[in-house]
Amino acid sequence: KAADQGWNPAIARLGDAYRDGTLGLPRDDAEALRHYRRAAEAGYAPAFAALALAAEQGRGQDPDPAAALALWRKAAHKGLALAQTRIGDAARLGQLGMVQDDVEALLWYRLAVAQDDAAAETDLGWALEHGRGVERDEAAAMWWYRRAASRGGIDAQANLGTAFWYGRLGQ
């Protein structure tokens, strides 16, 4: 009913249900994309992210890295931390047609960190630990790992555990 009334979170959630075959709905990528597009047309950032992931993975369509990047950018410019972190990852790794660029990756991570995104905090910690795009700073890396780990960031927890195990990062 909420989707029928145009509530974008419900429209996108129906897309999720068709994508995953949940809520008693069949798994149907085409129907999922239809719902995501409807919510995206209204400017709903998570719908852009869902469309980006579908384009990246080739769900319901051929994989299209360029289209995926454009959709991730739309979501990121609307302030979606998940999208900002994904673009940072693409820049760091040279994915989705991006040239590998650690400095650009850090710019995107910092946008997501400003929204308390644990994944971006972990990525920022990793960049500081390894001196990628920024001067190496193990104490700062440890601080970001601790912050992300305390909020459930599993990659940060693993990085923190590894640092403790090997006595690195100012330990």
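# Group meeting talk: a predicted all-helix model

Let me start with one residue: alanine 49 is found in helix H3. Please keep in mind throughout that this is a predicted model. Alanine 49 has a relative accessibility of 6%, so it counts as buried. What is alanine 49 in contact with, leaving aside its neighbours within four places in sequence? The partners are Trp72, Ala75, Leu80 and Leu82. Take Ala75 from that set: alanine 49 and alanine 75 are 26 residues apart along the chain, and 5.9 Å separates their C-alpha atoms.

Now let's step back to the whole chain. The protein has nine helices and zero strands, and reading along the sequence gives the pattern α-α-α-α-α-α-α-α-α. Along the principal axes, the C-alpha atoms fill a box of roughly 55 × 30 × 25 Å. There are 171 residues, and 43% of them count as buried. For those of you who think in contact maps, take the contacts with a separation of 6 or more: 41% of these are accounted for by residues 24 or more positions apart.

On to the interior. In soluble globular proteins, nonpolar side chains tend to be buried together. Here, the largest nonpolar core has 43 residues. Which of them have the most contacts inside that core? They are Tyr36, Leu51, Trp72, Ile87, Leu96, Met98 and Leu124. At least two residues of this core come from each of the helices H1 (8-20), H2 (29-41), H3 (45-57), H4 (65-77), H5 (81-93), H6 (102-113), H7 and H8. H3, the helix where we began, gives the largest share, with eight residues.

Let me zoom in on one of those well-connected residues, leucine 96. Not counting residues up to four places away in sequence, leucine 96 touches Glu56, Pro65, Ala68, Leu69, Trp72, Arg86 and Ala90. Apart from the largest core lies another one, made of eight residues, and Ala118, Met142, Ala149 and Ala156 are among them.

Next, helix packing. Two packed helices are described by the angle between their axes and the distance between the axes. I have two pairs for you.

The first pair is H5 and H6. Their axes come within 8 Å and cross at roughly 165°. Angles over 145 degrees count as roughly antiparallel, and that makes H5 roughly antiparallel to H6. The crossing of H5 past H6 is left-handed. On the H5 side, the contact is made by Ala81, Gln84, Thr85, Ile87, Gly88, Asp89, Ala91 and Arg92. H6 brings Asp102, Glu104, Ala105, Trp108, Tyr109, Leu111 and Ala112. By class, the residues of this H5 and H6 contact divide into eight nonpolar, three polar and four charged.

Thr85 deserves a second look. Threonine 85, in helix H5, is buried, with a relative accessible area of 6%. Beyond residues up to four places away in sequence, threonine 85 touches Tyr109, Ala112, Asp117, Ala119, Ala120 and Asp123.

The second pair is H7 (residues 118-130) and H8 (residues 138-150). How do their axes cross, and within what distance do they come? They come within 8 Å and cross at roughly 160°. H7 and H8 are therefore roughly antiparallel to each other, and their crossing is left-handed. From H7, the contact uses Ala118, Glu121, Thr122, Leu124, Gly125, Trp126, Leu128 and Glu129. From H8 come Ala140, Ala141, Trp144, Tyr145, Arg147 and Ala148. That contact has nine nonpolar, two polar and three charged residues.

Back near the beginning of the chain, is asparagine 8 buried or exposed? This residue of helix H1 counts as buried, at 17% relative accessibility. Leaving out residues up to four places away in sequence, asparagine 8 touches Ala39, Ala42 and Tyr44.

Finally, two loop residues for the backbone enthusiasts. Leucine 23 has a phi near 60°, a positive value in a residue other than glycine. Leucine 23 sits in the loop between H1 and H2 and counts as exposed, at 59% relative accessibility. Aspartate 116 has a positive phi of about 65°, although it is not a glycine either. Aspartate 116 is in the loop between H6 and H7, and at 41% relative accessibility it counts as partly exposed.

Thanks, everyone, and I'm happy to take questions.

Definitions and conventions. Residues numbered from 1 in each chain as written. Predicted model: local features only at pLDDT ≥ 70, side-chain atom pairs only at ≥ 80, totals over all residues. Heavy atoms only, no water. Axes fitted to C-alpha atoms, helices over the stretch in contact; angles between N-to-C directions. Helix = DSSP H or I, 4+ residues; strand = E, 2+ residues; numbered from the N terminus. Parallel < 35°, antiparallel > 145°, perpendicular 65-115°, else oblique. Left-handed = near helix turned anticlockwise from the far one by under 90°. Contact = heavy atoms within 4.5 Å. Nonpolar A, V, L, I, M, F, W, Y, C, P; charged D, E, K, R; others polar. Core = buried A, V, L, I, M, F, W, Y, C linked by side-chain atoms within 4.5 Å. Buried < 20%, exposed > 50% of the residue type's maximum accessible area, 1.4 Å probe, protein only.
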